Amino acid sequence: MTDARESLTEIYDRKVAEGAIRPDAAQRALLPEFDRIRAQLEQEGQKKGFLGGLFGKPPVAPKGLYLWGGVGRGKSMLMDLFHEATAIEAKRRVHFHAFMQEVQAALHAARKTGVDDAIRPVAVEISSKLRLLSFDEMQITDIADAMIVGRLFQMLFERGTCVVTTSNRVPDDLYKDGLNRPLFLPFIDLLKARMEVREIESETDYRQHRLKGAHTYFTPANAVARAEIDRIWRELTGGGGDGPLTLSVNSRPVTLPDHRSGVARASFWDLCSRPLGPADYLAIARAVRVLIVEEIPHLSAENYNEAKRFVTLIDALYEGKVRLVCSAADEPERLYVEGTGSFEFERTASRLREMQAADWGQP
């Protein structure tokens with residue numbers, strides 16, 4: 001258990017000394033921002049019932065933090081360090097996509113009651129339970145989410161909920177080129193006003209560092225391959241996943257069985273036996289930076305539809321520079337050797353080879 005008297009910088013330095021994390025000056029420089037939020041939240045928590053609430057006013061939310069930067073820079077690690085060390089009960093850490101999926105479901109339920117403004121009861125419910133919301137990987141890819149977040153976050157801020165989030169994008173690039181984006185721009189202004197926007201400028205991509213030179217394509221897909229992938233999964237996620245990640249694509253759910261901090265894990269059948277299309281795979285490629293795909297079978301006329309989807313998936317991952325770790329029945333060139341589509345699969349096999357390179361996915 002963390003000593004509440006330790007500053008986050010002291011906790012960080014202790015973990016470095018213990019060998020739990022690697023020292024990084026850019027990470028360490030951001031810790032005072034987290035400590036500012038932590039101190040204000042804990043100070044309020046010591047006031048019985050939040051003193052402001054005694055006079056019928058909601059507590060004032062500390063100015064939040066929007067931490068952005070390239071993949072693998074340690075953003076999620078810093079947020080987890082802060083979230084765990086903040087000694088209040090009314091807090092939650094959640095992936096942004098999962099949170100928005102919950103909000104959409106709550107809005108649907110609220111509309112059934114006939115309320116004029118469905119967002120308000122949802123915001124009231126969230127803010128009544130949480131003083132701190134820690135989001136992992138904020139990004140907006142769905143028009144439905146884009147039209148909701150502005151008013152929702154405004155209400156959360158007004159009712160005293162502090163938001164801390166990580167993102168791969170600077171706020172001005174959120175929902176870039178999205179449908180009706182001008183309607184979304186006030187939300188960006190809101191983020192800048194209510195949150196400190198800081199970039200983590202570390203030159204080290206720790207996720208790529210862990211995979212650099214590592215074997216990432218395992219064949220055959222047997223117990224040995226499974227054990228190796230389990231090892232990689234534990235290392236990339238720091239011990240295991242947070243559970244399913246559900247993305248909203250054109251108002252439809254697309255679920256990855258397990259994920260954490262930009263790393264997701266699924267089987268070939270999870271991704272290719274369902275009627276998913278290019279938009280779904282592009283959303284997956286935007287949502288994760290490393291994807292583990294297990295049990296890729298031999299492909300033929302018997303599983304032609306699944307094979308087509310697999311080709312589309314690999315194209316999306318390739319274009320998105322997503323790191324791929326997988327287990328398969330055979331080497332890429334021998335996965336699809338006969339039947340309709342085998343000739344076109346040669347490009348996919350070539351991409352699978354290229355994606356095994358030690359420097360794949362790096363700028």
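How many of the six residues of β12 are buried? Six of the six are buried (under 20% relative accessible area, with over 50% counted as exposed and values in between as partly exposed; 1.4 Å probe, protein chains only), so β12 is largely enclosed by the rest of the structure. The structure is a predicted model, in which local features need pLDDT of at least 70 and side-chain atom pairs count only at pLDDT 80 or more, while totals for chains, interfaces and linings use all residues. Residues are numbered from 1 along each chain as its sequence is written, and side-chain values use heavy atoms, with hydrogens and water left out. Helices (H or I, at least four residues) and strands (E, at least two) are DSSP runs numbered from the N terminus.

Strand β12 belongs to an open sheet of five strands with mixed pairing, in the order β6-β12-β11-β10-β9; two strands pair if DSSP finds at least two bridges between them. The edges are occupied by β6 (217-218) and β9 (258-260), each with a single partner strand, so one side of each is left without a neighbour in the sheet. Strands of a sheet pair through backbone hydrogen bonds, either parallel or antiparallel. β6 and β12 run parallel and are joined by two bridges, with C326 of β12 as the bridge partner of Y217. β11 and β12 also run parallel, through five bridges, and I296 has A328 of β12 as its bridge partner. At the other edge, β9 and β10 (residues 263-267) are antiparallel and share three bridges; here H259 is partnered by A264 of β10.

In a regular strand the side chains alternate between the two faces of the sheet. In β12, R323, V325 and S327 point one way and L324, C326 and A328 the other way, and all are buried. Helix α9 (residues 223-237) lies across β6, β9, β10, β11 (290-296) and β12 (323-328). The angle between α9 and β10 is about 155 degrees, where axes are lines fitted to C-alpha atoms, for helices over the stretch in contact, and angles run from 0 to 180 degrees between N-to-C directions. In strand β11, E294 is buried, with a relative accessible area of 6%. Leaving aside neighbours within four places in sequence, E294 is in contact (heavy atoms within 4.5 Å) with R226, I229, R265, A266, S267, F268 and S327.

The largest nonpolar core (a set of buried Ala, Val, Leu, Ile, Met, Phe, Trp, Tyr and Cys residues joined through side-chain atoms within 4.5 Å) has 41 residues. The members that touch the most others are L256, L271, I284, L291, F310 and L317. Helix α12 (residues 304-319) gives the most to this core, with eight residues. Apart from this core lies another, of 37 residues, among them V122, A146, L174 and L191.

I284 lies in helix α11 (residues 278-287), where D280, Y281, A283, I284, A285 and A287 are buried. The buried residues of α11 pack against α4 (96-111), β7 (245-249), β8 (252-256), α10 (268-272), β11 and α12. Beyond four places in sequence, the contacts of I284 are L247, V254, L256, L271 and L291.

The axes of α11 and α12 come within 9 Å and cross at roughly 40 degrees. This crossing of α11 and α12 is right-handed, that is, the near helix is turned clockwise from the far one by less than a right angle, whereas an anticlockwise turn makes a crossing left-handed. P278, Y281, L282 and A285 of α11 make the contact with R309, T312, L313, A316 and L317 of α12. α12 passes helix α13 in a left-handed crossing; the axes of α12 and α13 (residues 345-354) come within 10 Å and cross at roughly 40 degrees. α12 and α13 are therefore oblique to each other (angles under 35 degrees count as roughly parallel, over 145 as roughly antiparallel, 65 to 115 as roughly perpendicular and the rest as oblique). F310, V311, I314, D315, Y318 and E319 in α12 meet F345, R347, T348, R351, L352 and E354 in α13.

Two loop residues were also examined. E344, in the loop between β12 and α13, is exposed, with a relative accessible area of 53%. E89 is placed in the loop between α3 (75-85) and β2 (91-95) and is exposed, at 82% relative accessible area. E89 and R131, 42 residues apart in sequence, are 8.6 Å apart in space, C-alpha to C-alpha.
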